[in-house]
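Student: I should like to learn how to read a sheet and the backbone angles in a protein model. May we go through an example together?

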Amino acid sequence: MLDLAETSIDRAIASSQLRDTPRTFGTPVSTGNVTEECAEVLNQMKYEMVSCDNWDDFNLYLPFDVNERNIKEAVTTLTALKHLREVEDSDPESESASESASKKKKIEFKAFPRYGVVTANETTRYKPLVEICNVLQGLKLDGGKEATCELVQLPENFPKTETDGRNFKVDAYLKLKNSTMPSFDENSKKKLPIADMAVPAEFKRSEIKRLENRAQIFGAAHFCMNDDPRRIHIYADPGTFIRVMLSFIFATEEELGYDPSIQRRLPPNPTLDNSTLHFVDKLRGKDGDRHFKTEGSIFEYRSLCMTSRATRVWKVVEVPSFEDDDRPLDGPVMVLKDMWLDSQSKTERENLAAIFEELGSISQDLKNGKELKVLAEFDDISKEAVETCLKAGTWGDYFLTVVCDWKGSSSKAVPVGARSDPNLFDPLPSCPKPASVQYCNPTRSKNAREMDAATPIQAPLSRTYSPKQHYRVVFKELCESLHDVEDVQDLATALGGAVLALQLMFLAGWIHRDISTGNIFACRLHADGSSGAPVRGILADLEYAKRFDPDHSKGCSDPKTASHGTAFFMAIEIQRQIYMYRPTASQQLPPVDSDQEQEGEPPGVIHNFEHDMESVFWVLLWTLLVRFPPARSDAEKAAFSKRLSSIFQNSSSCSPGRENLFTKAQIFDTFLGTWLNPALQSMRSSLRNLRLAFEIGYHRRGYDFNDRASYARLYVYLWKAIRACGQVKLAPSLTTENTEVYPALVKMKRRGSAQDDKNDPKPARVEYNTDATSARMTEPLDPEFHFHIENA
């Protein structure tokens, strides 16, 4: 009767005059406008959608269940006010008078007759909805629930937002009566921020445009979810109008998806000149609640896939409470990471605790004189460093220090009766016109249609849709990401710390699975939190680390759902989901009549220690090429961009250029000779040997994944390359004169330059769906610069 199409959850605040806590621009992957990215959003979400065929399943997604007594009261009130009327349950133009008389009566909205020609435009057509919802707002529901929202219809207005990219309008929306947006004057209260847009809605007059409706509202929903840190979930396509609208209008803010443990705040006595919006997060711990005020964004993942980790990382200071946020407690600036994990996943704190416990046992064994044989495979320098670390118990220096963390709310589970619906955004195939020759052979048309006019597939759930859990963790160290490091020696030191952390994890029997430039840090802090200390490397983001147990692990043929890591730095085997080792490559031909069973390849690829090391190899190569380039002509820049784009791509699949670079020695050597900075050519031999060592390591190990020595000896070659990097003398690369063109990578530009509006930024790295891989690119602390992502 009434098609309201999908609704959405909120995104962020914005009076255009208010300044926000500094947020990074165009972070991966969402870097454009909503209308430009809508198609890719739908593509990313294709296999994340489910459909519910019955009300009981759908009802689980509503803010709360409205009882029948309240629904009857709403129907009575709307009927008395002539918004509802009784009609015959039939089509008056297609049935006879006798047939019509026997039909039962049915209630419909007077403004939306079931049959008839619609001539009004969308604004006029759906204006009565505002009057209907105004009536519903005046009701009193059981339990003392009062209306928290009102329906607003301003289809020509752009919403006010905190982040770039909003170029969409919505037909209507449910607006919070009590704004979540602090205001510094009466004028700012009149401007609707998207943060108060609790449920956007799109209308269409024709069923034909239903798919367009879905796409538009989903694009708005995607923007809302990325923009507002307070948002938890989102709604879609209400069926029974009165029940659904009552559930929305009378829902609490928390039921609508606003996180009560995060508040948007302004400083006391705000003015237009000093009014900077910030957030205050409340984390619950064993010793009570702790509050942290954001002072700036380090990076945010505006992923095109709404079921990703949605990670935001902030600089924060601790404050006494929400209301007393202008008086920071004594202590350093810290880091708060806000993300969503699969509900069954271990947190970074839990994984760190398990690794440290294992390292503690190893430390005790060494002190008791027990020999650790695998250490003999390390080079002498790193062996001594590892042994010293284990005996002194200082392994925590190579990882971030957790101050506190909190597991928050969980998303709603998928109902039992729901089914996967990848065709939700696809148009139905058109039916062919019937044959016009009356005496034609009917089997020709029948057989052709059975083959060609197949209906969309709506298979039952073929995988587990794990609920997500909100997780926030505060770290002591405010560090510099590897892709921000300007000095080659600091780069080598940071990488060296990360590799030593990997060696410690290797001894503890753990793999990282998420190595990238965004989780290797250069730390310049002393133990007391003061700055100015020598650089040390830190390895972070261990929420996807796991204990290595190949005997009880199963690989997966889909790297988007099984593997973890940034696509740029992912190991070749993980991307291809095929082992490099081929047992039949060197065998002789078998006897013609032989029935001997062939050695089988394990199903899927199991992530192992060498994969983590190979990711470090790609991190080092990418950083040297992109962050420390030589001066080049425009033609050379274009050629470099094209070549690098064939290797580092935003895809979980492995490109031929990437595979050939890693598996063919001559191609790799030529590549280094052509594109590596002449000042870095002293590293060429160590990089060649590192690539070869990895290739041989994969082949010699075969399927014997428990051969720990085969992994340990590879660290020798990794350290050789890192030490060669540390010996290079090269001036810092990030200068205002550096206008190097990068292929879908990072580029520095002055804020407000004439080039800023040219070439819309494109994603630098992919953050995938349910298992959510890392995808990060940060903004330098220098406010005069910001990163743009450019496509080759």
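Tutor: We shall discuss a sheet, a helix and two loop residues. This is a predicted model, in which local features need pLDDT of at least 70, side-chain atom pairs count only at pLDDT 80 or more, and totals for chains, interfaces and linings use all residues. Residues are numbered from 1 along each chain as its sequence is written, and side-chain values use heavy atoms, with hydrogens and water left out.

Student: In what order do the strands of the open sheet stand?

Tutor: Strands of a sheet pair through backbone hydrogen bonds, either parallel or antiparallel. Strands are DSSP runs of E with at least two residues, and helices are runs of H or I with at least four, numbered from the N terminus; two strands pair if DSSP finds at least two bridges between them. Here three strands form an open sheet in the order E5-E6-E7, with antiparallel pairing. Strand E5 (149–152) and strand E7 (197–201) each have a single partner strand, so one side of each lacks a neighbour in the sheet.

Student: How many bridges join E6 and E7?

Tutor: Strand E6 (residues 172–176) pairs with E7 over four bridges. Within this sheet, Leu-174 stands opposite Val-199 in E7.

Student: Which helix lies across E5, E6 and E7?

Tutor: Helix H9 (residues 241–249) does.

Student: What is the phi of Ala-310, and of Arg-513?

Tutor: Most residues other than glycine have a negative phi. Ala-310, however, has a positive phi near 50°, and Arg-513 has a positive phi near 75°. Ala-310 lies in the loop between strand E10 (288–300) and strand E11 (312–319).

Notes
Contact = heavy atoms within 4.5 Å. Axes fitted to C-alpha atoms, helices over the stretch in contact; angles between N-to-C directions.
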